[in-house]
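Trainee: Could you walk me through one part of this model in detail? I would like a close look at the nonpolar core and what surrounds it.

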Amino acid sequence: MDDDLRWLTEWYLSQCGDDWEHSFGIKIETLDNPGWTLRIELTDTELEDRPFETVRHGEPAQDLEEWTRTGSWWIARLEDKMFYAACGPLDLPAVVSIFRVWAEVPQKAVH
């Protein structure tokens with residue numbers, strides 16, 4: 001599947017069915033500098049204990065003028081069993097893709 005947003009909606013749906021969607025979920029919000037945040041609750045999913053190394057690109061812009069000069073930026077990390085990402089106004093697809101790539105990588109069995 002090439003469409004990361006569609007993939008995310010299907011991942012969300014695959015978590016639903018019992019109680020997860022009543023207590024947890026996905027939040028996408030705007031930032032005032034401008035930009036986006038993406039929060040994905042991982043509690044009670046197969047990803048809740050999977051390690052993730054923080055990913056950074058560019059430098060966060062403090063306002064639209066700075067963003068216009070410096071361009072794309074994002075940071076993605078795990079925070080208390082939550083995938084958290086913040087990014088510039090055109091970078092939401094990039095952080096959704098980061099989550100997807102991480103979620104789809106098979107984990108090695110621990111012996």
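Mentor: Happy to. A nonpolar core here is a set of buried Ala, Val, Leu, Ile, Met, Phe, Trp, Tyr and Cys residues joined through side-chain atoms within 4.5 Å. Please keep in mind that this is a predicted model.

With that in hand, look at the largest such core, which has 21 residues; the members that touch the most others are Trp-11, Ile-40, Leu-42, Phe-83 and Phe-99. At least two of its residues come from each of α1 (4-15), β2, β4 (74-78), β5 and α4 (92-104). The largest share belongs to α4, with seven residues.

Take Ile-40 as a viewpoint. Leaving aside residues up to four places away in sequence, Ile-40 touches Leu-8, Trp-11, Gly-25, Ile-26, Lys-81, Met-82, Phe-83 and Phe-99. Trp-11, Phe-83 and Phe-99 in that list also appear among the core members with the most contacts.

Now turn to the rings. The structure holds seven aromatic pairs. One of them is Phe-52 with Phe-83: the ring centres are 5.5 Å apart and the planes meet at 75°, so this pair counts as edge-to-face, the cut-off for that class being over 60 degrees. The two partners sit 31 residues apart in the chain, with Phe-52 in the loop between β2 (35-41) and β3 (55-57) and Phe-83 in strand β5 (residues 82-87), and the pair thus links distant parts of the chain. Phe-52 and Phe-83 are both buried.

These two rings also belong to a wider group: together with Trp-7, Trp-11, Phe-99 and Trp-102, Phe-52 and Phe-83 form one aromatic cluster. A charged side chain joins the picture at Trp-102, where Arg-50 lies over the ring face at 5.9 Å from the ring centre.

The strands come next. β2 pairs with β5 in the antiparallel sense over six bridges, and Thr-37 stands opposite Ala-86 in β5. β2 also pairs with strand β1 (residues 26-31), again antiparallel and over six bridges. In that pairing Glu-29 stands opposite Thr-37, and a hairpin of three residues joins β1 to β2. Thr-37 of β2 therefore has Glu-29 opposite in one pairing and Ala-86 opposite in the other, if you read strand pairing as needing at least two bridges.

Finally, Ala-86 leads to another group of side chains. A second, separate core has six residues, including Ala-61, Trp-73, Ile-75 and Ala-86.

Technical notes
Residues numbered from 1 in each chain as written. Predicted model: local features only at pLDDT ≥ 70, side-chain atom pairs only at ≥ 80, totals over all residues. Heavy atoms only, no water. Phe/Tyr/Trp six-rings, centres within 6.5 Å; stacked < 30°, edge-to-face > 60°. Helix = DSSP H or I, 4+ residues; strand = E, 2+ residues; numbered from the N terminus. Buried < 20%, exposed > 50% of the residue type's maximum accessible area, 1.4 Å probe, protein only. Lys NZ or Arg CZ within 6 Å of the ring centre and 35° of its normal. Contact = heavy atoms within 4.5 Å.
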